[in-house]
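User: Could you take a close look at one part of this protein with me? I'd like the wider fold as background, and then a careful walk through the part itself.

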Amino acid sequence: PPDEGASLADTRVVVWKGYCRVHTNFKVEHVEAIRAEYPGITVIVHPECRPEVVAQADLSGSTALIVRMVEEAGSGAQFAIGTEVNLVDRLALEHRDKTIVPLYRSLCHTMSLNTPRHLLYVLEKIIEGELVNVVTVDQETSYWANLALEEMLKAK
């Protein structure tokens, strides 16, 4: 937790130009091409996309918003989605009554390491009484990470 006696004057802000490589791959040309191929399609992109891509999209929002928009859309709806391609492919499989295509096939290699086989390995080790691939962080990081997660879940 933050120091109880800390004031705004004591606060230091570290600005980091962080980004997700997947979202920086999308370009205005992709939006133009998908609209030419699918006239009338709704383009939804993650807000971490380049500002010019977000400006060309019909909607921009979190992964939760993207999923909700697809789930709530009627049969026959068409979406081009600008986020990690495995999510787009999964949504297309789950909603076969809708046209769901990737804005561009942008793959996150790190996320792709999470496979059913790896999950099974971890679960089998837990059953055997062994913990593997445990990630630990210091108490302050844990506090702020939990706070961020709580806020994201409230926003859903």
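What pattern does the protein chain follow when read along the sequence? And once that is clear, which residues line the largest pocket?

Analyst: Happy to. Please keep in mind throughout that this is a predicted model.

Let's begin with the fold. Read along the sequence, the protein chain follows the pattern α-α-β-α-β-α-β-α-β-α-α, which comes to seven helices and four strands. Of the 156 residues in the protein chain, 26% are buried. Among contacts with a separation of 6 or more, 49% are between residues 24 or more positions apart.

The four strands form an open sheet with the order 2-1-3-4 and parallel pairing. Strand 2 (59-60) and strand 4 (99-102) are at the edges; each has a single partner strand, so one side of each is left without a neighbour in the sheet. As a general point, strands of a sheet pair through backbone hydrogen bonds, either parallel or antiparallel.

Strand 1 is a good place to see the pairing. Strand 1 (residues 42-45) runs parallel to strand 3 (residues 78-82), and four bridges join them. Strand 1 also runs parallel to strand 2, with two bridges between them. Isoleucine 44 appears in both pairings: isoleucine 81 stands opposite it in strand 3, while leucine 59 is its bridge partner in strand 2.

Two helices pack on this sheet. Helix 4 (residues 63-72) touches strand 1, strand 2, strand 3 and strand 4, and its direction makes about 170 degrees with that of strand 3. Helix 5 (residues 85-94) touches strand 3 and strand 4, and its direction makes about 165 degrees with that of strand 4.

Just before strand 1, the loop that follows helix 2 (28-37) holds proline 39. At 63% relative accessibility, proline 39 counts as exposed, because the cut-off for that class is over 50%. The C-alpha atoms of proline 39 and glutamine 78 are 9.5 Å apart, though 39 residues separate the two in sequence.

Now to the pocket itself. The largest pocket holds about 250 Å³ of space. Its lining is made up of Cys20, Val22, His23, His46, Thr63, Thr83, Glu84, Asn86, Leu87, Arg90, Cys108 and Met111. Helix 1 (21-24) and helix 5 are the elements that give two or more residues to this lining, and helix 5 provides the largest share, three residues. Sorted by class, the lining has five nonpolar, five polar and two charged residues.

Two of these lining residues reward a closer look, and they come from the two helices just named. Let's take histidine 23 before asparagine 86.

Histidine 23 is found in helix 1. Its relative accessible area is 6%, so it counts as buried, the cut-off being under 20%. Leaving aside neighbours within four places in sequence, histidine 23 is in contact with His46, Glu48, Cys49, Arg50, Gly82, Thr83 and Glu84. Among the pocket-lining residues are His46, Thr83 and Glu84, so you can trace part of the lining from histidine 23 by following contacts within 4.5 Å.

Asparagine 86 has its place in helix 5. At 40% relative accessibility, asparagine 86 counts as partly exposed, because that value falls between the 20% and 50% cut-offs. Not counting residues up to four places away in sequence, asparagine 86 touches Leu107 and Ser112. Asparagine 86 and cysteine 108 are 22 residues apart along the chain, and their C-alpha atoms are separated by 8.5 Å. Cysteine 108 is itself one of the residues lining the pocket.

One last stop, in another part of the chain. Asparagine 133 is found in the loop between helix 6 (116-127) and helix 7 (139-155). At 63% relative accessibility, asparagine 133 counts as exposed. Its phi is near 55 degrees, a positive value in a residue other than glycine. For context, most residues other than glycine have a negative phi.

Definitions and conventions: Residues numbered from 1 in each chain as written. Predicted model: local features only at pLDDT ≥ 70, side-chain atom pairs only at ≥ 80, totals over all residues. Heavy atoms only, no water. Pairing = 2+ DSSP bridges. Axes fitted to C-alpha atoms, helices over the stretch in contact; angles between N-to-C directions. 1 Å grid on protein atoms, 1.4 Å probe; cavity = no way out; pocket = protein on both sides within 12 Å on 5 of 7 lines; lining within 4 Å. Points joined across faces, edges and corners; volume = space filled by probe spheres on them. Nonpolar A, V, L, I, M, F, W, Y, C, P; charged D, E, K, R; others polar. Buried < 20%, exposed > 50% of the residue type's maximum accessible area, 1.4 Å probe, protein only.
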